Amino acid sequence: MKEKIKLGLWLAFALAWLGIFGGIFAISMGWIGYLPPIEQLQNPIDKYASQILASNGEVIGTFAHSGTNRTLVDYKDLSPELVKALIATEDVRFEEHSGIDFRSLARAIFKTGILQQKSAGGGSTISQQLAKMLYSPPSSNFFTRMMKKPVEWVIAAKLERYYTKSEILAMYLNQFDFLYNAVGIRSAAFTYFGKTPAELNVQEAAVLVGMCKNPTIYNPVLRPNSPLPLERRNTVFQQMQKAGYLTSAEVDSLSRLPIQISFHRVDHKQGIAPYFREHLRKIMMADKPERSDYASWQYDRYRDDSIQWEKNPLFGWCNKNRKKDGSPYNIYTDGLKIYTTISPEMQRYAEEAMREHLADNLQPALTRERLARGGDPFSTSLTQQQRDDILRRAMKQSDRWKLNKEDGLSDEEILAQFRRKTKMQVWSWNGLRDTVMTPIDSIRYMKGILRSGFMAMNPHNGHVLAYVGGINFGQFQYDMISDGRRQTGSIIKPYLYSLTMANGYSPCDQVLHVQKSYKLENGQYWTPRNTNHRRVGEMVSIQWGLQNSDNWVTAELMSRTSTKEFKRLLESFGLRGPIEEAMAMSLGTPEATVGEMVSGYTTFVNDGVRVDPLMVTQIEDMNGNIVATFAPQTTEVLDLDAASKMLYMLQSVVAGGTASRLRYAFGLDMPLGGKTGTTQNNSDAWFVGFTPDLVAGCWVGGEERSVRFNAMNFGQGAAAALPIFGRFLKKVYSDKSLGYLTGIPFRMPQGFSPCGGNTQEAEAVEVFEGEGEGTGSETPPIE
């Protein structure tokens, strides 16, 4: 009888093991449960954020998906203390097993499962935990949950077969979610300590490894007053002592230290060059535009997007290119490394220059004007109905209005709320400010804040070195470099003058400086106005007209060519928006972005060849393979002679014209050229300038054209936009590490004469602070 019982037990034992091994074999063959394909095990499906790198290799941001911020870290970039802490705490025999630690498993079953000892630990290895993170999503199905462990064992064993121990450790740390949008060890190290994974010391490593047990309970930021994060960190120290990584004395000393956190919440609206990063994201992920996606009145936008899709290799790059499996690239999940042209130092100088001028000078001046009008930010030329229309449109675009609409409130009820005072925070140059005001007054306040855009690029290779799309990306996300189009004013005049030079004129040729009326094709007359009333009735040179931004000289030159020819030239200079053929376009009625105008001015420095802005030099996949390279794209706009004459005249604008304050106010002594621009009623202030190796441009204005200065002492381009360029250039040339030298001259053809062999030299021009700006668009046609 005893023999039969013994035989039965052995048989049951054998059948149990046979069942276990049979089940594992069935799982490994894919007969039961889910086992990922072998290709996925060799290349685990993962979602890594793409990294954006500056020109010096610095990571300036990531493109993350669904609130994650995971970026790949190699084993060699992990702190040795981090690796020791992880192995000691999570899997002390990690180097000895092949994915399943049967000793730990038996201990977990007997002590934890049978004896209910909570401190006995679990039986999962690091490989099993990785398998769970990669391939074992939560499930409410009982049978699926029962099958999870053996499936994880099989996957863990296969991971051990296909990967080294170092690769498994790196994958585990890259996968773990440490909360606060810190997915993966790189994000966690920066978020909690402001460091890279390689820089973590033993205390910091122990905190992060301790969080691997439960990132909510043992989180020192989420639970600052709880003893649990500290106790868990000290437990990691004790495990490291047991594994032989720390001595008893070291554990005693380390355990007495408080947890020191340097918390950096990851926010993609902050950090270096946020407008640039957002623009990059939009153009790389763009879909091919379809005509049906646009209403008839949006044809120009459709045309603009189509041109970008066909011409700009970066536009829609992710959808144009395919991975080896045939699927399109995804910047959120494919772990790309995007090498950009941005210079972190120059980006910082550009942001500083904009802040210094707007916060310290322009905004206080505009605020004084606004307060003098009783707090109304809009020009006094607007009717009350026009003011009400602007405010109502802004209200209906606000989240407050939309949420109230969803709650079923009528327009009248919502308007009543907008007129009721409430506590709120409003943006200011000194940070968010607590205040009490009505929501409609907060709209008036925000409308009165000046906006700006600034971009700098290398005129020879197109590299975009600094890109500031606005004054604060967190609050004002509209990008004035690539999206915002405003009237160009007088910065478009050099394009007309270059057409004049191409048609055989020289800077020394003379025109009569008088107001004229020009007959238009429709039989009406156009009479441009002028703010420059010097030398009326005298003969003046073309150079004098450009130096002083004179409207009468410009209009006369426009009358000597055709609007169609000038429009074609404007498109060659890079203007992509709608251009209405009219004589007034010579004074700046066409609209353009800052990026288009800066690109256009590279023509004058680059021997008549315009270079498109180049933002990315190459893209690598997550394995380090180069999958794309980018070269500058150029367009020949002018012949060398016309370009050289324009380069000469634009230098004279700085030497003795409307941009002369660059010399006497900012002390800039390098070779310089440029042009100021101011549109009608000071609505838009511009400046685009250049040195032999740098072109930069700036726009300043209100969100609404009716938000503007009353007078030109602050409203003109020389006062509102030029100082940002001046401050930026002074910072750049003062930083010797950037390599910009003041003594390098502009490149000119040998034997060049601005007057084309004429013995008469271009006339000297006295320093003149006012501008002959204005589009002339308010001048009514006369019969």
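Here are some questions and answers on this predicted model.

Q: How many disulfides does the structure hold, and which residues form a disulfide?
A: A disulfide is a covalent bond between the sulfur atoms of two cysteines. Here the sulfur atoms of C508 and C755 are 1.6 Å apart, and the cut-off for a disulfide is 2.5 Å. The structure holds one disulfide, formed by C508 and C755.

Q: How many residues apart in sequence are the parts that the pair of C508 and C755 ties together?
A: Let's place both ends. C508 and C755 form a disulfide. C508 lies in the loop between helix 20 (493-502) and strand 9 (510-512), while C755 is in the segment after helix 29 (722-734), so the parts tied together are separated in sequence by 247 residues.

Q: Is C318 buried or exposed?
A: Buried means under 20% relative accessible area. C318 has a relative accessibility of 1%, so C318 counts as buried.

Q: Are the rings of Y518 and W526 stacked, edge-to-face or tilted?
A: The structure holds 22 aromatic pairs. In the pair of Y518 and W526, the ring centres are 6.2 Å apart and the planes stand at 40°. Planes under 30 degrees apart would count as stacked and those over 60 as edge-to-face, so this pair is tilted.

Q: What is the relative accessible area of W526, and is W526 buried or exposed?
A: The cut-off for buried is under 20% relative accessible area. Its ring partner Y518 counts as buried at 10%. W526 is buried as well, with a relative accessible area of 7%.

Q: Which residue lies over the face of Y218, and at what distance from the ring centre?
A: A charge over a ring has to be within 6 Å of the ring centre. Over the face of Y218 lies R232, at 5.7 Å.

Q: Which strands stand at the edges of the sheet ordered 2-1-3-15-16?
A: This is an open sheet of five strands with mixed pairing. An edge strand here has a single partner strand, so one side is left without a neighbour in the sheet. The strands at the edges are strand 2 (59-63) and strand 16 (626-629).

Q: What is the bridge partner of S50 in strand 2?
A: Strand 1 (residues 50-53) and strand 2 run antiparallel, joined by four bridges. In strand 2, S50 has as its bridge partner F63.

Q: At about what angle to strand 2 does helix 12 run?
A: Helix 12 (residues 274-284) lies across strand 1, strand 2, strand 3 (337-340) and strand 15 (616-620). Relative to strand 2, helix 12 runs at about 40°.

Key:
Residues numbered from 1 in each chain as written. Predicted model: local features only at pLDDT ≥ 70, side-chain atom pairs only at ≥ 80, totals over all residues. Heavy atoms only, no water. Helix = DSSP H or I, 4+ residues; strand = E, 2+ residues; numbered from the N terminus. Buried < 20%, exposed > 50% of the residue type's maximum accessible area, 1.4 Å probe, protein only. Phe/Tyr/Trp six-rings, centres within 6.5 Å; stacked < 30°, edge-to-face > 60°. Lys NZ or Arg CZ within 6 Å of the ring centre and 35° of its normal. Pairing = 2+ DSSP bridges. Contact = heavy atoms within 4.5 Å. Axes fitted to C-alpha atoms, helices over the stretch in contact; angles between N-to-C directions.
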